[in-house]
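User: Hi! I'm new to reading helices in a protein model. Could you walk me through how to look at them?

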Amino acid sequence: MLKGKAVLITGAGGALARALTPAFHRAGARLFLSDPRPERMAERAEAVGAKTFVADLTRLEEALALARFVEGEAPLYGVVHTVGGFAAGRFLDSDPGLYDWMLDLNLRTTYNLLKAVLPYMEARQEGFFAAFAAGPAWTGTGPGRALYTMAKTALASLLKSLQGEVEGVRFLVVYPMGTLDTEANRRAMPEADPSRWIAPELVAEMVVQAAEAKGGRLLELPIYPPL
């Protein structure tokens, strides 16, 4: 189903994109990668023959330029939006800067990208848009990380609402229900047992399956760590 179809992966230099990019390449997608820093995605793009576009998705004009770039090359079929940020800490100790940072990275980037790509997808009445929430957004509570939970919950609510509004486009909200096994997390938590963490390759496999789904759709996908 994805053979030759244009798929855009944002946050292309990040840990999730490291697994998503080869997974969508194996599925036959024509890949486009975006990241604010070109050096983070250059090697990955070369490995799969992807085209790249440097964009800061906290800026609407850059999201619009990214969508125009992809559409100039091929009709955009799928988007996998991985841009986001995490912060923990007591709410009473937080400042407005953290509030802005959480909303900008997790919600504003999603809003801007949706505003940029959905007009093309809706006009064709075809498309797939996936984004990443988090376990606290699935459960509705995140003590010690209230601002992060707020931003991810809003992201999930936005995509679920659009599913009943935008004709022909399928939306997917992915909820990693635990720690992802990434190099950054291993460095940050050297005493932890990564065998109890979620493999990004599993997440990528599930997103590809959702993008290829026939005869139904997945709107919400919680992915749990190993037992």
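Analyst: Happy to! Keep in mind that this is a predicted model. Let's begin with a pair of helices: helix α3 (residues 60-73) and helix α4 (residues 96-124) have axes that come within 6 Å and cross at roughly 35°. The crossing of α3 past α4 is right-handed.

User: Which residues of α3 and α4 make the contact?

Analyst: From α3, they include Leu-60, Ala-63, Leu-64 and Arg-68, and from α4, Leu-113, Ala-116, Val-117 and Tyr-120 are among them. Sorted by class, this contact has nine nonpolar, one polar and four charged residues.

User: At what angle do the axes of α1 and α8 cross?

Analyst: Helix α1 (residues 15-26) and helix α8 (residues 200-212) cross at roughly 50°, and their axes come within 8 Å. Angles from 65 to 115 degrees would count as roughly perpendicular and those under 35 as roughly parallel, so α1 is oblique to α8. This crossing is right-handed too. Its contact residues divide into 12 nonpolar, no polar and one charged.

User: Now a single helix. Which residues of α2 are buried?

Analyst: In helix α2 (residues 38-48), the buried ones are Met-41, Arg-44, Ala-45 and Val-48. They lie on the same side of α2 because they cover an arc of only 105° around the axis. The buried residues of α2 pack against α1, β2 (30-35) and β3 (51-54).

User: What does the face turned away from the buried side carry?

Analyst: There you find the exposed residues Glu-39, Glu-43, Glu-46 and Ala-47. Just after α2 comes Gly-49, with a positive phi of about 70°.

Technical notes
Residues numbered from 1 in each chain as written. Predicted model: local features only at pLDDT ≥ 70, side-chain atom pairs only at ≥ 80, totals over all residues. Heavy atoms only, no water. Axes fitted to C-alpha atoms, helices over the stretch in contact; angles between N-to-C directions. Helix = DSSP H or I, 4+ residues; strand = E, 2+ residues; numbered from the N terminus. Parallel < 35°, antiparallel > 145°, perpendicular 65-115°, else oblique. Left-handed = near helix turned anticlockwise from the far one by under 90°. Nonpolar A, V, L, I, M, F, W, Y, C, P; charged D, E, K, R; others polar. Contact = heavy atoms within 4.5 Å. Buried < 20%, exposed > 50% of the residue type's maximum accessible area, 1.4 Å probe, protein only. Arc of directions from axis to C-beta.
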